[in-house]
Amino acid sequence: MEQQDILKERAARRAVELVPDGADIGLGSGSTAEIALRLLGEQVRGGLRLRGVPTSERTASLAQGLGIPLTTLEEASELALTLDGADEVDPDLNLIKGLGGALTREKIVAKASKQAVILVDESKLVRVLGTTTPVPVEVLPFGWTRAAAELAGMGLSPERRTTPSGEPYITDNGNYILHLATGPIADVPSLDTRIRAVAGVVETGLFHGIAHLVLVGAQDGVRELRG
Ligand code: 5RP
């Protein structure tokens, strides 16, 4: 196993210990969340009772394969916690999420959770968001070039995400993703508000005031950062 995967697994192991018996929980997306999913599958086979709300079609199908019962936010409107990954985490527990393309469902599920628990390896920690990754933004296909032009006018250099074969990437909601080259973000809530004001923007990958606990898989163990 690669070193980064070992650190991800460390964080995921700590995270699944937080899941109470009988809980409804959010199931995140991405490679770190998938490690937690696999560990949860083992727990469920060992007798843990839970129902999960998946944040992507991929997570739904993986969970089903692992025998994890699924539910919806219609059935379970408040979740005990959600376990999810992130692309960047700043010292105030603001996040960039969505390089896996699932940001809108991830934000809805995190906001429906009493505790949003984020699992990362230490490479995801940054002093300022926007340092290492673009900010993914989900947009409607209708008129997306207008939205992109407006975002370009804000100096954000949007690029439509494509698949490895060069086709437009389509989210589980049938939309496009634009990657914004923000550079270091001085004021996360203000930038989020400006981006969301663009017609056609569905959601941004800026998560501020959402994470309660970040579990960081590090060389010396698991660090816990609390908001
Ligand atoms: C998916 C996400 C992921 O949580 C994020 O991209 C981190 O993924 P990984 O654990 O593979 O690094 O937001 O939309």
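**Exercise 1. Place Ala110 in the predicted model: which helix holds Ala110, and is Ala110 buried or exposed?**

Solution.
Step 1. Ala110 sits in helix H4, residues 103-111. The model is a predicted one.
Step 2. The relative accessible area of Ala110 is 8%. The cut-off for buried is under 20%. Ala110 is therefore buried.
Step 3. Look for contacts beyond four places in sequence. Ala110 touches Thr82, Ala116 and Ile210.
Step 4. Check a distant pair. Ala110 and Gly26 are 84 residues apart in sequence, yet their C-alpha atoms are 7.2 Å apart in space.

**Exercise 2. Work out how H1 and H2 pack: what angle do they make, and which residues form the contact?**

Solution.
Step 1. The angle between H1 and H2 is about 50°, and their axes are 9 Å apart.
Step 2. Classify the angle. Under 35 degrees would count as roughly parallel, and 65 to 115 as roughly perpendicular. H1 and H2 are therefore oblique to each other.
Step 3. Assign the hand. H1 and H2 make a right-handed crossing.
Step 4. List the contact. H1 supplies Asp5, Lys8, Glu9, Ala12, Arg13 and Val16, while H2 supplies Ser31, Thr32, Ile35, Ala36, Arg38, Leu39 and Leu40.
Step 5. Sort by class. Six of these residues are nonpolar, two are polar and five are charged.

**Exercise 3. Repeat the analysis for H2 and H3: how far apart are their axes, and how do the contact residues divide?**

Solution.
Step 1. H2 spans residues 31-45 and H3 spans residues 57-66. Their axes are 9 Å apart, at an angle of about 30°.
Step 2. Apply the cut-off of 35 degrees. H2 and H3 are therefore roughly parallel to each other.
Step 3. The crossing of H2 past H3 is right-handed.
Step 4. On the H2 side, the contact uses Glu34, Leu37, Arg38, Gly41 and Arg45. On the H3 side, it uses Arg58, Thr59, Leu62, Ala63 and Leu66.
Step 5. The division is four nonpolar, two polar and four charged.

**Exercise 4. Describe the nonpolar cores: which element gives the most residues to the largest one?**

Solution.
Step 1. Start with the general trend. Nonpolar side chains tend to be buried together in soluble globular proteins.
Step 2. Size the core and find its hubs. The largest nonpolar core has 24 residues. Val19, Ile25, Leu40, Leu50, Ile68, Leu83 and Leu119 touch the most other members.
Step 3. Find the contributors. Two or more residues come from each of helix H1 (3-16), strand S1 (23-27), H2, strand S3 (79-84), strand S6 (113-121) and strand S12 (213-218).
Step 4. Rank them. H2 gives the most, with six residues.
Step 5. Inspect one hub. Beyond four places in sequence, Ile68 contacts Leu27, Leu37, Leu40, Gly41, Val44, Leu50 and Ala63.
Step 6. Note the second core. It is separate, has 20 residues, and includes Val126, Ala147, Leu180 and Val201.

**Exercise 5. Examine two residues with positive phi: where are Leu93 and Ser157, and what is the accessibility class of each?**

Solution.
Step 1. Phi of Leu93 is near 65°, which is positive in a residue other than glycine. Ser157 is also a non-glycine residue with positive phi, near 40°.
Step 2. Locate them. Leu93 is in the loop between strand S4 (88-89) and strand S5 (95-96). Ser157 is in the loop between helix H5 (144-153) and strand S8 (159-160).
Step 3. Classify them. Leu93 has a relative accessible area of 3%, so it is buried. Ser157 is at 46%, so it counts as partly exposed.
Step 4. Bring in Asp92. Asp92 also lies in the loop between S4 and S5. Its relative accessibility is 62%, so Asp92 counts as exposed. The C-alpha atoms of Asp92 and Thr131 are 15 Å apart, with their positions 39 residues apart in sequence.

**Exercise 6. Compare sequence and spatial separation for Trp144 and Arg194: how far is each from its listed partner?**

Solution.
Step 1. Trp144 lies in helix H5. Trp144 and Asn175 are 31 residues apart in sequence and 9.5 Å apart, C-alpha to C-alpha.
Step 2. Leaving out residues up to four places away, Trp144 touches Val139, Arg160, Tyr176 and Leu178.
Step 3. Arg194 belongs to helix H6, residues 188-196. Its relative accessibility is 41%, so Arg194 counts as partly exposed.
Step 4. Arg194 and Ala11 are 183 residues apart along the chain, and their C-alpha atoms are separated by 33 Å.

Technical notes
Residues numbered from 1 in each chain as written. Predicted model: local features only at pLDDT ≥ 70, side-chain atom pairs only at ≥ 80, totals over all residues. Heavy atoms only, no water. Axes fitted to C-alpha atoms, helices over the stretch in contact; angles between N-to-C directions. Helix = DSSP H or I, 4+ residues; strand = E, 2+ residues; numbered from the N terminus. Parallel < 35°, antiparallel > 145°, perpendicular 65-115°, else oblique. Left-handed = near helix turned anticlockwise from the far one by under 90°. Contact = heavy atoms within 4.5 Å. Nonpolar A, V, L, I, M, F, W, Y, C, P; charged D, E, K, R; others polar. Core = buried A, V, L, I, M, F, W, Y, C linked by side-chain atoms within 4.5 Å. Buried < 20%, exposed > 50% of the residue type's maximum accessible area, 1.4 Å probe, protein only.
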